[in-house]
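Thanks for coming. I will take this one piece by piece, beginning at a helix end and working back to the core.

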Amino acid sequence: MGLKHRIKSGLRGLYARVLWGTGLHRVVDRCSRPRLLVLYGHCVDQPETNGSLDADMKISGARLEAILTALRRSHDLVTLGEGLERLRSRNAGRSMVALTMDDGYRDNLHDLVPLLERTGARATVFLEGGAVAARELPWLHSLGWLVGRLGATEAAARVTARLGDVPGAPVGVTDAGALKRKLKYDADPIRRDAVLLELVKAEGGDPAGIVDDLYLSREEAQALAASASVEVGGHTAHHPVLGRLGVDAQEREISGGAALLRELLGEEVSDDGQAPLGASGHVFAYPYGRRWDIDEHSPGMVRAAGYTCAVTTHAGVNHRSTDPYLLKRWPIHDGTALHEVGTEASGGFELLRRLGIDLVE
Ligand SMILES: [Zn+2]
């Protein structure tokens, strides 16, 4: 971590501790315009089903429950769709916090839903169509499985041997993070996905079994969507970096993911295939979600596919004037500090942003 980043993070923590610790956040909250803070994570820590995932994708149930319980004292806990509707109605009431979880992991039904019921919170879960509805193993998990089995250096060598001497081949890469970045941004996605799948099979892996271990089954996803505590949304078909695809491939990923979601939820599709998504399923999350992961075409395509909004992974709060296809979200995992989330939810960091100081991004 660079010095500038460390100073910023220290100041952020200090400011948040003062605001949250003294109760001043309540004053700031009342004086600030209506807002919706969207939290995002992937799963509640559950060693049996998501033990193989990166630590920053998980939050312990106890920690999540403590954060939601604390936030509930001064904020309404809503789904993303409900929060946006209330912001638009000009009758927002208390400031709002919406919890979202990406991809569709199994704990979301078995661990998250009971936790939501205990805390009176609600959540939005974005489902990867290819994995959940079509049972296809996403490339990131093929890669994760290979690195777990062979180590990063050997996995990179095997991928390079199969990809050949093309741009994106991870020649000489020795650490898992660099291997993931290289394959994420530089490799041709169709070729990469095929090569990784071939390698998993060649090493004796069972792609369908890996999907079943990690992701909600179709029936579990339907049960999740039927829960009063949950709204589900779209997350493309194969979780690509949308901005790296051509316009046609990007369109196929977004509308193809919507079609898989509609089919999963048993919704009617009109002849033109453009029936609006129903009460559940009308919200969307960009895979990876940074501004360099999408391009200028992405928001319009998401809207054309029937979604009413889309979330990024840039931190901040959302107001009535925020572009509904570029909504901000705050990451939540075991390293998340309650006083910092609470300060953002209360409008504390927004107050500084209006003064030209951004301690968050
Ligand atoms: Zn995702």
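Right after helix α16 comes G347, with a positive phi near 90°. Helices here are DSSP runs of H or I with at least four residues, strands are runs of E with at least two, and both are numbered from the N terminus. Before going on, two points of bookkeeping. Residue numbers start from 1 along each chain as its sequence is written. The model is predicted, so local features need pLDDT of at least 70 and side-chain atom pairs count only at pLDDT 80 or more, while totals for chains, interfaces and linings use all residues.

Back to α16, residues 338-345. Seven of its eight residues are buried. Buried means 20 or more other C-beta atoms within 10 Å of the residue's own; 12 or fewer is exposed, in between is partly exposed, and the C-beta atoms are placed from the backbone. The buried residues of α16 are H339, E340, V341, G342, T343, E344 and A345.

Now phi angles elsewhere. Most residues other than glycine have a negative phi. D103 is not a glycine, yet its phi is positive, about 90°. D103 sits in strand β5 and is buried, because 25 other C-beta atoms lie within 10 Å. H239, also not a glycine, has a positive phi of about 55°. H239 is in the loop between β7 and α14, and it counts as buried because it has 23 C-beta neighbours inside 10 Å.

Next, helix α6, residues 107-119. Does its length agree or disagree with what its 13 residues should span? The expected span is 1.5 Å times one less than the number of residues. For α6 that is 18 Å, and the end C-alpha atoms are 17 Å apart, which agrees. Helix α6 does bend, by about 30° at V113, and the proline P114 follows within four residues. The bend is the angle between axes fitted to the seven residues ending at a position and the seven starting there. Just after α6, G120 has a positive phi of about 70°.

The buried residues of α6 are D107, N108, L109, L112, V113 and L116. Among the elements covering them are β5 (96-103), β6 (123-127) and α13 (218-226). Contact here means C-beta atoms, placed from the backbone, within 7 Å. Beyond its neighbours within four places in sequence, L224 is in contact with N108, L109, V113, V125, L216, V230 and V232.

L224 brings us to the core. A nonpolar core is a set of buried Ala, Val, Leu, Ile, Met, Phe, Trp, Tyr and Cys residues joined through C-beta atoms within 7 Å. The largest one has 71 residues, and V38, L224 and A310 touch the most other members. Helix α14, residues 247-265, gives the largest share of this core, six residues. L265 is in α14 too, but it counts as partly exposed because it has 19 C-beta neighbours inside 10 Å. A second, separate core of 18 residues includes W139, A156, L163 and L179.

Last, the domains, whose bounds come from an automatic or database domain assignment. Domain 1 is 34-128 + 215-342, and domain 2 is 139-210. Their centres, taken over C-alpha atoms, are separated by 28 Å. The contact takes four residues from domain 1 and five residues from domain 2.

Conventions: Contact = placed C-beta atoms within 7 Å.
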